[in-house]
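Biologist: I would ask for a close look at one part of this structure, namely its nonpolar interior and the elements that surround it. Please treat the packing, the strand pairing and the charged side chains in one connected account.

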Amino acid sequence: MNNNSEVNNWIGKTVQIDDHINEYPTKAMAAVFDYEYNKEEFKEVPYGWHWLYFLNLPLQKNLGLDGHEKRIGFMPPIDLPIRMYAGGEIDFYEPLLIGKDVKKTSTILSIENKEGSTGKLTFLKINHKISQNNKLLLNEVQNLVYREGSRDKKNNEKKLIKSPKEYDFQKSWSPTPEMLFRYSALTHNTHKIHYDFPYATKVEGYPQIVVHGPLMATFLLDLISNIIKESKQNLLKFSFKLRSPVFVGGKINTQAIKTNNGLDLWIKDQNGNQSLSAHAELSN
């Protein structure tokens, strides 16, 4: 790994992206989720669909072997080869409206090195603020983890836990290669684990191509949207953690149970394991 002081120079680094919330990404995402698109129903960007905007567009020559942009520019020069999306926390203040100009300001909050059961790990925390005319619409803290080389089967299965048996709400999804392809295209995500079977299995050690972490979080946010449509509540905060990867093939379930201030949620994978856990804080 690079010298700690060199990497730590990236803490506090900020980049700003301006974007126009145009209709096409939302219309295309609606198709991925099997929703008939209606302009009257999609005046606001649904929860989690903000990931379709403010896209990073690296030059082709600047892509690394894993498909990600090389560690240049905004991203710190962390030497560990494997990068994983670990989760995050989102505060929702105001909706993103179709047709508006908005700004995203991203800041590196922290870089922390640790030693885990699979070897060296580096935890990167980034803050994203989306605003319009200096009014904060959304605040997100994104957690990324970098690790050493490929996993083996033992490491993949080590931390699996079974999903809770009791739930109040549920919706099923069937992730397919086609769905992952469309989501990768919409988010300009070129990480090979989501579409390149030989790379995913032989280099990163997975049994199949991997469902995107943000896509799984969006599955849960979709369930929340359906729940609060009936209760007339608003989503205030959403925090989530990826516990184990989900792969294409078969049916998965988003499930939720009521709590005092909102919902506890999780994804039950094809084997009954809890792959992603989350909590949603709702308005009264």
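**The nonpolar core and its surroundings**

Modeller: The largest nonpolar core holds 75 residues, of which Met 29, Leu 215, Ile 224, Leu 235, Phe 238, Phe 240 and Leu 265 touch the most other members. Helix α6 supplies the largest share of this core, with 10 residues. The model is a predicted one. As a general background, nonpolar side chains in soluble globular proteins tend to be buried together.

Leu 215 offers a convenient point of entry. It belongs to α6, which spans residues 213-231. Once neighbours within four places in sequence are set aside, Leu 215 is in contact with Met 29, Phe 33, Met 179, Leu 180 and Tyr 183. Met 29 falls in α2 (23-32), whereas Met 179, Leu 180 and Tyr 183 fall in α4 (177-187).

Helix α4 can be described by its two sides. Its buried residues are Met 179, Leu 180, Tyr 183, Ser 184, Leu 186 and Thr 187. These residues lie on the same side of α4, because the arc they cover around the axis is only 165°. An α-helix has 3.6 residues a turn, so residues three or four places apart point the same way. Glu 178, Phe 181 and Ala 185, by contrast, are exposed on the other side of α4. The buried residues of the helix pack against α2, β6 and α6. Just after α4, His 188 adopts a positive phi of about 55°.

Strand β6, one of the packing partners of α4, leads on to the strand pairing. β6 runs antiparallel to β8, and five bridges join the two. In one of these pairings, Gln 170 has Gln 255 of β8 as its bridge partner. β8 covers residues 252-258, and five of its seven residues are buried. Six bridges then join β8 to β9, again in an antiparallel arrangement. β8 and β9 form a hairpin, with three residues between them. Leu 265 of β9 is the bridge partner of Ala 256, and Leu 265 is also among the core members that touch the most others.

Charged side chains also occur in these elements. Lys 171 and Asp 222 meet in a salt bridge at 2.7 Å, N to O. This pair links strand β6, where Lys 171 lies, with helix α6, where Asp 222 lies, across 51 residues of sequence. Asp 222 has a relative accessibility of 7% and therefore counts as buried, since the cut-off for that class is under 20%.

A second pair involves β7. Asp 91 and Lys 237 form a salt bridge through their side chains, with an N to O distance of 2.5 Å. Because Asp 91 lies in strand β2 (residues 82-92) and Lys 237 in strand β7 (residues 235-242), the pair ties together parts that are 146 residues apart in sequence. Asp 91 is buried at 13% relative accessible area, while Lys 237 is partly exposed at 24%. Three of the core residues named at the outset, Leu 235, Phe 238 and Phe 240, fall within the span of β7. The two pairs described here are among the six salt bridges found in the whole structure.

Conventions. Residues are numbered from 1 along each chain as its sequence is written. This is a predicted model: local features need pLDDT of at least 70, side-chain atom pairs count only at pLDDT 80 or more; totals for chains, interfaces and linings use all residues. Side-chain values use heavy atoms; hydrogens and water are left out. A salt bridge is a side-chain nitrogen of Lys or Arg within 4 Å of a carboxyl oxygen of Asp or Glu. Helices (H or I, at least four residues) and strands (E, at least two) are DSSP runs, numbered from the N terminus. Buried means under 20% relative accessible area, exposed over 50%, partly exposed in between (1.4 Å probe, protein chains only). The arc is that of the directions from the helix axis to the C-beta atoms. Contact means heavy atoms within 4.5 Å. A nonpolar core is a set of buried Ala, Val, Leu, Ile, Met, Phe, Trp, Tyr and Cys residues joined through side-chain atoms within 4.5 Å. Two strands pair if DSSP finds at least two bridges between them.
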